[in-house]
Amino acid sequence: MAELFGIDIAQGGAVALLAVVVIMVLTGRLVPRRTYNDLKEERDTWRSAHAVSEEARHLERNQVGELLELSRTADRVLTALPHPVHREEVDREPVDPAP
């Protein structure tokens, strides 16, 4: 016969069966249906929250890519423009840096 923790279950009868059930409850292998359903619902809630979060992250990544491309374009346009020369700089005499 099958033994559990060195005790033959068939010889123990109802006491052995009750002991097995208590051990399973205490170790968490046997839980009430309500607890199981609550855990399953919580798991599903976290899964849906994760899916929404990943979708938002994907949209944000695409938007950041578009903003970076616009930034690069603006940088190229601004660096391609000629630098203005101020009238004051042309009229000013050069200053000798050595005293």
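The questions and answers below go through a predicted model of a single chain.

User: How many helices and strands does the chain have, and what pattern do they follow along the sequence?
Analyst: The secondary structure comes to four helices and two strands. Read along the sequence, the strands lead and the helices follow. The pattern is β-β-α-α-α-α.

User: Which element has the highest mean pLDDT, and which the lowest?
Analyst: The chain averages a pLDDT of 84, and 78% of the residues score at least 70. Helix 3, residues 33-80, has the highest mean, at 94. The lowest mean, 62, belongs to residues 87-91, that is, helix 4.

User: What span does helix 2 reach from its first C-alpha to its last?
Analyst: Helix 2 covers residues 14-27, which makes 14 residues. At 1.5 Å a residue, 20 Å is expected. The span in the model is close to that, at 20 Å.

User: Which residue just after helix 2 takes a positive phi?
Analyst: Helix 2 ends at residue 27. Just after the helix, phi turns positive, at about 85°. The residue is G28.

User: Which residues form the nonpolar patch on the surface, and what accessible area do they have together?
Analyst: The patch consists of L17, V21, M24, V25 and L30. One of them, M24, lies in helix 2. Together the five side chains' residues have an accessible area of about 390 Å².

User: Is M24 buried, partly exposed or exposed?
Analyst: The relative accessibility of M24 is 31%. Buried needs under 20%, and exposed needs over 50%. M24 falls in between, so it counts as partly exposed.

User: How many salt bridges does the count come to?
Analyst: Side chains of opposite charge can pair when their charged atoms come close. The cut-off here is a side-chain nitrogen of Lys or Arg within 4 Å of a carboxyl oxygen of Asp or Glu. By this rule the count is three.

User: Which residue forms a salt bridge with D44?
Analyst: The closest N and O atoms of the pair are 3.3 Å apart. D44 is partly exposed, at 35% relative accessibility. Its partner is also partly exposed, with a relative accessible area of 41%. That partner is R43.

User: What distance separates the closest N and O atoms of R57 and E54?
Analyst: The two residues are three apart in helix 3, which means about one helical turn lies between them. R57 is partly exposed at 42%, and E54 is partly exposed at 30%. They form a salt bridge, with the closest N and O atoms at 2.6 Å.

User: Why are R72 and E69 separated by about one helical turn, and how far apart are their closest N and O atoms?
Analyst: Both sit in helix 3, and they are separated by about one turn because they are three residues apart. R72 is partly exposed, at 42%, as is E69, at 40%. They form a salt bridge, and the closest N and O atoms are 3.5 Å apart.

User: What percentage of the chain's residues is buried?
Analyst: The chain has 99 residues. It exposes about 9,600 Å², and carbon and sulfur atoms supply 61% of that area. A residue counts as buried under 20% relative accessible area. Buried residues make up 3%.

Note on methods. Residues are numbered from 1 along each chain as its sequence is written. This is a predicted model: local features need pLDDT of at least 70, side-chain atom pairs count only at pLDDT 80 or more; totals for chains, interfaces and linings use all residues. Side-chain values use heavy atoms; hydrogens and water are left out. The expected span of a helix is 1.5 Å times one less than its number of residues. Patches are made of residues with over 30% relative accessible area and no salt bridge: like charges are joined within 9 Å, nonpolar side chains (Val, Leu, Ile, Met, Phe, Trp, Tyr) within 5 Å. Accessible areas come from the Shrake-Rupley method with a 1.4 Å probe; for residues, only the protein chains shown count as cover. Buried means under 20% relative accessible area, exposed over 50%, partly exposed in between (1.4 Å probe, protein chains only). pLDDT is the predictor's confidence in each residue, from 0 to 100.
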